[in-house]
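Dear colleague,

I am handing over the structure below for your consideration. My findings follow it, and I would be grateful if you would read them with the structure open.

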Amino acid sequence: MRILLLIFSLSYLVSAQAQPRQLLVPGGIAIINLEPGNDSGYQFRNKPVLVTKIEGKPAALVGLPLSLKAGEHFIEKRSTGQVLKKFFEVKQKQYTTQHITITDKRKVNPYASDMERILAEKARKQKARNHYSIADVDVDFLRPVEGISTGSFGRRRVFNGQNRRPHSGMDIAADTGTPVIAPSAGRVIETGDFFFSGNLVYIDHGQGLISLFAHLSEIDVSVGEQVAKGQLIGKVGATGRVTGPHLHWSLGLNGNWIDPELFLPATD
Ligand SMILES: [Zn+2]
């Protein structure tokens, strides 16, 4: 009886998991089955890809940049003089345009005196996004905050009538002070009060999977700290370039920002 119960609860846990979903468009992810025992060493555009188990079998999760052209792409592995390639097809996706009015005009057109700070922060952000560590990755993610996500990943952005880069994450509307939790285990690799992102936290989940949480009112972790899945990392706020309190969550994979929704359980 006890064994039966155990089997039942295990299968329940497995089916309740949020396995990442494939979406073969710019800003999506490719999931490529690999041969057991021959699943390491694959790269996409010269960056190592994340290898995990999907339904018990080894698979590569490949982050596709928003700038990727539609068509055939591949991951590759070089071993003893030969190159092994696995191909996948990426379809076009037309992201909509979003017009946003920011009352603090300095956050859209910074002063010349802000540029030194902005450039230094840009370098730190780039370093954090491209951080890589070898680790087993828990790809079964939790929603970092309760609230309504606007589904605005990838939208082209026009701030106060001026073109800016596409939206690289998910916005979740919530009140200032709402707890933000780590969606999966990892290590804090960067924190600070940044010009555009406000108070931010970067978490390295391993193998090039990186979370960025922005606009926080409060940061509750420090660089170097190991965080457990579900652990409090900060509070929702309205710091940086915002129109109101919300959590901005970006998810990077092999150096590319992808739609975080693909790592969350499907909503109905
Ligand atoms: Zn955002």
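Strand 8 and strand 10 (residues 156-159) run parallel and are joined by four bridges. Strands here are DSSP runs of E with at least two residues, numbered from the N terminus, and two strands count as paired if DSSP finds at least two bridges between them. Within this pair, Gln 98 stands opposite Arg 157 of strand 10.

Please note that this is a predicted model, in which local features need pLDDT of at least 70 and side-chain atom pairs count only at pLDDT 80 or more, while totals for chains, interfaces and linings use all residues. Residues are numbered from 1 along each chain as its sequence is written.

Strands 8 and 10 belong to an open sheet of three strands, ordered 8-10-11, with mixed pairing. Strand 8 (97-100) and strand 11 (162-164) are its edge strands, each pairing on one side only. From one strand to the next, the twist averages 30°, with axes taken as lines fitted to C-alpha atoms and angles running from 0 to 180 degrees between N-to-C directions.

A second open sheet of three strands follows the order 1-5-4, and its pairing is antiparallel. Strand 1 (29-33) and strand 4 (50-54) lie at the edges with a single partner strand each, so one side of each has no neighbour in the sheet. The twist in this sheet averages 35° from one strand to the next. Strand 4 is joined to strand 5 (residues 57-63) by five bridges, and the two run antiparallel; Ile 54 has Lys 57 of strand 5 as its bridge partner.

Strand 6 (residues 71-79) and strand 7 (residues 82-90) also run antiparallel, joined by nine bridges. Glu 76 is partnered there by Lys 85 in strand 7. The hairpin of these strands has two residues between them, and Thr 80 takes a positive phi near 35°.

The domain assignment of the protein chain gives domain 1 (2-90) and domain 2 (98-263); such bounds come from an automatic or database assignment. Their centres, taken over C-alpha atoms, are separated by 24 Å. Domain 1 gives 20 residues to the contact and domain 2 gives 21 residues, where contact requires C-beta atoms, placed from the backbone, to lie within 7 Å. On the side of domain 1 that touches domain 2, strand 3 (47-48), strand 4 and strand 5 each give two or more residues. Strand 5 supplies the largest share, three residues.

Yours sincerely

Key
Contact = placed C-beta atoms within 7 Å.
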